[in-house]
Amino acid sequence: MKHITCIEDLRELHRRRVPKAFFDYADRGSYAEATLRANREDLQQIKFRQRVLVDVSKRDLTTAILGEPAAMPLILAPVGLLGMQHGDGEIHACRAAQAAGIPFTQSTMSICSIEDIAAAVDKPFWFQLYVMKDRGFIKSLIERAIAAKCSALVLTVDLQVNGQRHADIKNGMTVPPEWSVSKLLDFASKPAWVAGVLRGKRRTFGNLIGHLKGSDDVTVLSTWIASQFDTTLSWKDIDWIRSIWPGKLILKGILDVEDAELAAKSGAQALVVSNHGGRQLDGAPSSIEVLPEIVDAVGARIEIMFDSGIRSGQDVMRALALGAKSCMIGRAYAYGLGAGGQAGVAKAIDLIAKELTTTMGLCGVNTVAEIDDSVVAV
Ligand SMILES: Cc1cc2nc3c(=O)[nH]c(=O)nc-3n(C[C@H](O)[C@H](O)[C@H](O)COP(=O)(O)O)c2cc1C
């Protein structure tokens with residue numbers, strides 16, 4: 001990992017080491033990918049104010065996330081199928097996050113189950129929930145997260161209807177993948193990946209196994225999942241979830257001020273300004289474009305987290321400058337996982353931490369609390 005200098009290097013290694021179907025699954029966005037591109041372009045347009053002759057010898061990335069101490073204002077976002085980027089990927093990512101002193105969020109759509117991760121790590125992690133029609137199953141998932149001592153529930157609210165990713169269809173993306181000659185050749189050229197995934201505990205959706213008859217058959221599971229996202233989900237259901245989940249609740253996928261107002265009244269402790277990394281509503285604004293108005297409207301009442309487009313410590317600084325309290329990363333660490341397992345995720349976190357501390361120094365700030373809109377040029 002010595003010559004890896006930025007997240008783009010990890011992305012390139014991921015591309016070389018993992019079969020195309022899984023790399024594209026992580027990398028690509030929905031439809032024409034306009035929102036995917038806007039996330040990056042709009043972040044990069046934000047310019048910093050270079051400040052000089054300020055004592056920046058005491059730079060410190062530590063902060064609090066939902067009242068808990070954290071080594072930096074960064075969270076690993078829920079990412080489905082990490083165990084297909086690297087065998088036992090969820091466990092590797094969680095261990096890297098915990099070693100770095102930041103939260104890891106497990107996706108409902110993980111390969112490892114909640115219990116697999118809980119048994120493999122010694123600190124609490126966060127659990128992300130997709131609400132499905134089978135409410136009995138959702139209740140049992142929340143109860144499993146409670147039993148595993150998960151320290152926050154991230155309710156994702158922007159995926160009751162699935163945006164289409166053209167690349168996934170073209171790649172015959174199923175779990176495990178559909179076979180074709182070109183795919184077999186692709187897999188044969190990645191023996192280390194194949195060996196790693198075969199060594200992993202599981203190769204299907206670990207949280208769903210045992211729930212429905214035939215659930216060890218991936219086709220049965222995938223069909224069930226596709227038919228299960230509950231399009232009736234509404235604000236009323238937040239009360240139902242809060243009646244089961246006693247802990248901290250985060251609503252992920254807020255992109256509009258009116259929804260942010262409702263989120264602030266919902267009893268949730270935090271919201272994530274997010275467009276799901278440009279994987280859902282193509283044509284939606286970038287997350288960074290809407291962040292300031294959401295912070296203005298509700299930032300005093302609910303903790304604001306941010307994601308979609310972060311690929312560097314500079315990007316974290318930009319989001320904090322515009323009012324976010326912490327940032328989630330999705331692809332940035334998924335690339336690290338595909339590139340090098342736990343060490344790759346650790347590298348991604350370390351790169352971002354070093355870029356953030358350098359950027360703080362060059363902007364003349366020492367602490368995360370000092371980062372505000374005075375560090376950016378308007
Ligand atoms: C491959 C992939 C899978 C994802 N799976 C989930 C998921 O299961 N649940 C969820 O809430 N968000 C999921 N997301 C969205 C991320 O949590 C996050 O919002 C997004 O990745 C942020 O954008 P970024 O990738 O540009 O950092 C996924 C994102 C990616 C890239």
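Guide: A disulfide is a pair of cysteine sulfur atoms within 2.5 Å, and that cut-off is applied here to a predicted model.

Visitor: How many disulfides does a search of the whole structure find?
Guide: Two cysteines help to illustrate the result. The sulfur of Cys-112 has its closest cysteine sulfur in Cys-94, at 10.0 Å, which is too far for a bond, and the sulfur of Cys-150 likewise has its closest cysteine sulfur in Cys-94, at 9.0 Å, again too far for a bond. For the whole structure, the number of disulfides found is zero.

Visitor: Is Cys-150 buried or exposed?
Guide: The term buried applies to a residue with under 20% relative accessible area. Cys-112, with a relative accessible area of 1%, is buried. Because the relative accessibility of Cys-150 is 8%, Cys-150 also counts as buried.

Visitor: Which residues are the closest to the ligand?
Guide: The space that the ligand takes is the largest pocket. Around the ligand there are 22 residues, and the shell divides into seven nonpolar, ten polar and five charged residues. The closest of these residues are Pro-78, Ser-107, Thr-156, Asp-307 and Gly-309.

Visitor: How many Å separate a polar side-chain atom of Thr-156 from an oxygen atom of the ligand?
Guide: Several polar contacts reach oxygen atoms of the ligand, among them one from an N or O atom in the side chain of Lys-252, at 3.0 Å, and one from a polar backbone atom of Gly-330, at 3.0 Å. For the polar side-chain atom of Thr-156, the distance to an oxygen atom of the ligand is 2.6 Å.

Visitor: What percentage of the ligand's accessible area does the protein cover?
Guide: On its own, the ligand has 590 Å² of accessible area. With the protein in place, the part of that area that is covered comes to 98%.

Note on methods
Residues numbered from 1 in each chain as written. Predicted model: local features only at pLDDT ≥ 70, side-chain atom pairs only at ≥ 80, totals over all residues. Heavy atoms only, no water. Near = heavy atom within 4 Å. Polar contact = N/O pair within 3.5 Å; in protein donor to acceptor, adjacent residues only side chain to side chain. Areas by Shrake-Rupley, 256 points an atom, 1.4 Å probe, with all protein chains shown as cover. 1 Å grid on protein atoms, 1.4 Å probe; cavity = no way out; pocket = protein on both sides within 12 Å on 5 of 7 lines; lining within 4 Å. Sits in = over half its atoms within 2 Å of the grid points. Nonpolar A, V, L, I, M, F, W, Y, C, P; charged D, E, K, R; others polar. Buried < 20%, exposed > 50% of the residue type's maximum accessible area, 1.4 Å probe, protein only.
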